[in-house]
Amino acid sequence: MGSRLGVSTEKLEALHDYAKSPLFSDAEKVALEYADAITETRRDVDDELFAELTMIIAWENASSRFNRAFRIPSQGFWKP
């Protein structure tokens, strides 16, 4: 499914070691770490990870709202 959404095969194959892979952005690494944390039954989402993910989400939300207010067009990274 990832390849149908435009994710490269190289990136999909690097998922097992995403934390050390240069193919993933810092935001992607945090999101993947969060997904791991909520998926693994023996691991909790610690306060630091929760705060970091919350900060990234808030930043992206604020950026989106400012871009819309300033009429900065979408860069096309997300398409419905």
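These legends describe close-up views of a predicted model of one protein chain.

**Figure 1. Overview of the predicted chain.** The protein chain holds three helices and zero strands. Read from the N terminus, its elements follow the order α-α-α. The helices are H1 (9–13), H2 (residues 26–39) and H3 (residues 47–69). Of the 80 residues in the chain, 14% count as buried. The accessible surface amounts to about 7,100 Å², and 56% of that surface belongs to carbon and sulfur atoms. Among contacts between residues at least 6 apart in sequence, 5% join residues at least 24 apart.

**Figure 2. Confidence along the chain.** The protein chain has a mean pLDDT of 82, and 89% of its residues reach 70 or more. Which helix has the highest confidence, and which has the lowest? Confidence is highest in H1, at 90, and lowest in helix H3, at a mean of 83.

**Figure 3. The largest nonpolar core.** This core has five residues: Val 30, Ala 37, Leu 49, Leu 53 and Ile 56. H2 and H3 each supply at least two residues of the core. The largest share, three residues, comes from H3. In soluble globular proteins, nonpolar side chains tend to be buried together. Leaving aside residues up to four places away in sequence, Ile 56 touches Ala 27 and Val 30. Val 30 is thus named twice in this view, as a member of the core and as a residue touched by Ile 56.

**Figure 4. Ala 31 and Leu 49.** Ala 31 sits in helix H2. With a relative accessible area of 38%, Ala 31 is partly exposed, because this value falls between the 20% limit for buried and the 50% limit for exposed. How far apart are Ala 31 and Leu 49 in sequence and in space? They are separated by 18 residues in sequence and by 9.3 Å in space, C-alpha to C-alpha. Leu 49 is one of the residues of the largest nonpolar core.

**Figure 5. The salt bridge between H1 and H2.** The side chains of Glu 28 and Lys 11 meet in a salt bridge, with a distance of 2.8 Å from N to O. Lys 11 lies in helix H1 and Glu 28 in helix H2, so the pair ties together parts that are 17 residues apart in sequence. The count for the model comes to one salt bridge. Is each partner buried or partly exposed? Lys 11 counts as buried, at 19% relative accessibility, while Glu 28 is partly exposed, with a relative accessible area of 29%. The cut-off for buried is under 20%, so Lys 11 meets it at 19%.

**Figure 6. A nonpolar patch on the surface.** Leu 5, Val 7, Leu 12 and Leu 15 make a nonpolar surface patch of about 320 Å². Where does Leu 15 lie? Leu 15 is in the loop between helix H1 and H2. Its relative accessible area is 36%, and Leu 15 is therefore partly exposed.

**Figure 7. Val 45 in the loop between H2 and H3.** Val 45 is found in the loop that joins these two helices. Val 45 is partly exposed, because its relative accessible area is 29%. Which residues is Val 45 in contact with, once its neighbours within four places in sequence are left aside? They are Tyr 34, Ala 37, Ile 38 and Phe 50. Val 45 and Tyr 34 are 11 residues apart in sequence, and their C-alpha atoms are 7.1 Å apart in space. Ala 37, another of these contacts, is also one of the residues of the largest nonpolar core.

**Figure 8. Arg 71 after the last helix.** Arg 71 is found in the segment after H3. Most residues other than glycine have a negative phi. Arg 71 is not a glycine, yet it has a positive phi of about 60°. Is Arg 71 buried or exposed? Arg 71 is exposed, because its relative accessible area of 75% is over the 50% limit.

Key:
Residues numbered from 1 in each chain as written. Heavy atoms only, no water. Helix = DSSP H or I, 4+ residues; strand = E, 2+ residues; numbered from the N terminus. Buried < 20%, exposed > 50% of the residue type's maximum accessible area, 1.4 Å probe, protein only. Patch = residues over 30% accessible without salt bridge, like charges linked within 9 Å, V, L, I, M, F, W, Y side chains within 5 Å. Areas by Shrake-Rupley, 256 points an atom, 1.4 Å probe, with all protein chains shown as cover. Salt bridge = Lys/Arg side-chain N within 4 Å of Asp/Glu carboxyl O. pLDDT = per-residue confidence, 0-100. Core = buried A, V, L, I, M, F, W, Y, C linked by side-chain atoms within 4.5 Å. Contact = heavy atoms within 4.5 Å.
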